[in-house]
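Reader: I should like to learn how to read a protein model step by step. May we begin with a single pair of residues and widen the view from there?

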Amino acid sequence: DGPLLPFGPQWYNYNTTTCSDMCGGFPYMALRNGGWCSCGSTLGHISSARLDGDCGVLCSGEAALTPQRFCGSSVRTAIYSIQRDVLQPGLRAEYYSFTQGCDFSALEHRKPQVARIDITVDFPLSRSAWRGLTTVNLVDHFAVRWTGFLRILVPG
């Protein structure tokens, strides 16, 4: 019941705090199956809203927080609106793998292999994967889309 949003880590072991951190550039996040985190810009169709108590189990490590924070179940998705009053450091990075060749397809309909926040965009020339990307083997033939805001501290 409820959508899985198309971006974000798409993995388990998240709670509302850690999922929100990973979904920094998105207005919505969802938790399902006790901690499967996903992010998105729109919610799409929601079949029916439920009471908070029907949104699965309480998130790991957050039982003492108020209001209660639910991490979904196998049949329910807990959806949260992420509201940020201040700018967060870093740019949202989405890493996409490609096969070798000249064809570079549009990214809009592709799922990134990795979505994370890059605090700096300053990667050294390397013949191996960039730091933090060794587990997905993005060494050659990949694209990165960085999105976010830049704050100019000194004009000129």
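**From one pair to the whole chain**

Author: Tyr28 stands opposite Ser81 in strand 4. Please keep in mind that this is a predicted model.

Reader: In what sense do strand 2 and strand 4 pair, and over how many bridges?

Author: The two strands, 2 and 4, pair in the antiparallel sense, over 5 bridges.

Reader: In what order do the 4 strands of this open sheet stand?

Author: The order is 1-3-2-4, and the pairing is antiparallel. Because strand 1 (7-11) and strand 4 (77-81) stand at the edges, each with a single partner strand, one side of each is left without a neighbour in the sheet. On average, neighbouring strands of this sheet are turned by 20 degrees against each other, direction ignored.

Reader: Which strands make up the other open sheet?

Author: An open sheet of 3 strands has the order 6-5-7, with antiparallel pairing. Strand 6 (114-118) and strand 7 (142-147) are its edge strands, and each pairs on one side only. Here the average turn between neighbouring strands is 25 degrees, direction ignored.

Reader: How is strand 5 joined to strand 6 and to strand 7?

Author: Strand 5 (residues 91-97) pairs with strand 7 in the antiparallel sense over 6 bridges. Individual residues show this pairing: Glu94 has Arg145 in strand 7 as its bridge partner, and Tyr95 has Val144 in strand 7. With strand 6, strand 5 pairs in the antiparallel sense over 5 bridges. On that side, the bridge partner of Arg92 is Ile117 in strand 6.

Reader: Is strand 5 mostly covered or mostly uncovered?

Author: Strand 5 is mostly covered, for 6 of its 7 residues are buried. A residue is called buried when its relative accessible area is under 20%.

Reader: Why should one look for groups of buried nonpolar side chains?

Author: In soluble globular proteins, nonpolar side chains tend to be buried together. In this model, the largest nonpolar core has 12 residues, including Phe7, Tyr14, Phe26, Met29, Leu31 and Ile82. Several cysteines belong to this core as well, among them Cys19, Cys37 and Cys71. Strand 2 (28-32) and strand 3 (36-40) are the elements that give two or more residues to this core. A second, separate core has 5 residues, and it includes Ala93, Tyr95, Val114 and Phe123.

Reader: Which residues does Phe7 touch, leaving aside those up to four places away in sequence?

Author: Phe7 touches Phe26, Ser38, Cys39 and Gly40, and also Arg92, Glu94, Arg110 and Pro112. Of these, Phe26 and Cys39 belong to the largest nonpolar core, as does Phe7 itself.

Reader: How many helices and strands does the protein chain have, and how do they run from the N terminus on?

Author: The protein chain has 1 helix and 7 strands. From the N terminus on, the elements run β-α-β-β-β-β-β-β. Of the 156 residues, 33% are buried. The chain exposes about 10,200 Å², and carbon and sulfur atoms supply 55% of that area. Among contacts between residues at least 6 apart in sequence, 59% join residues at least 24 apart.

Reader: Where in the protein chain is confidence lowest, and where is it highest?

Author: Confidence is lowest in strand 6, at a mean of 76, and highest in strand 2, at 90. For the protein chain, the mean pLDDT is 77, and 78% of the residues reach 70 or more.

Definitions and conventions
Residues numbered from 1 in each chain as written. Predicted model: local features only at pLDDT ≥ 70, side-chain atom pairs only at ≥ 80, totals over all residues. Heavy atoms only, no water. Pairing = 2+ DSSP bridges. Axes fitted to C-alpha atoms, helices over the stretch in contact; angles between N-to-C directions. Core = buried A, V, L, I, M, F, W, Y, C linked by side-chain atoms within 4.5 Å. Buried < 20%, exposed > 50% of the residue type's maximum accessible area, 1.4 Å probe, protein only. Contact = heavy atoms within 4.5 Å. Areas by Shrake-Rupley, 256 points an atom, 1.4 Å probe, with all protein chains shown as cover. pLDDT = per-residue confidence, 0-100.
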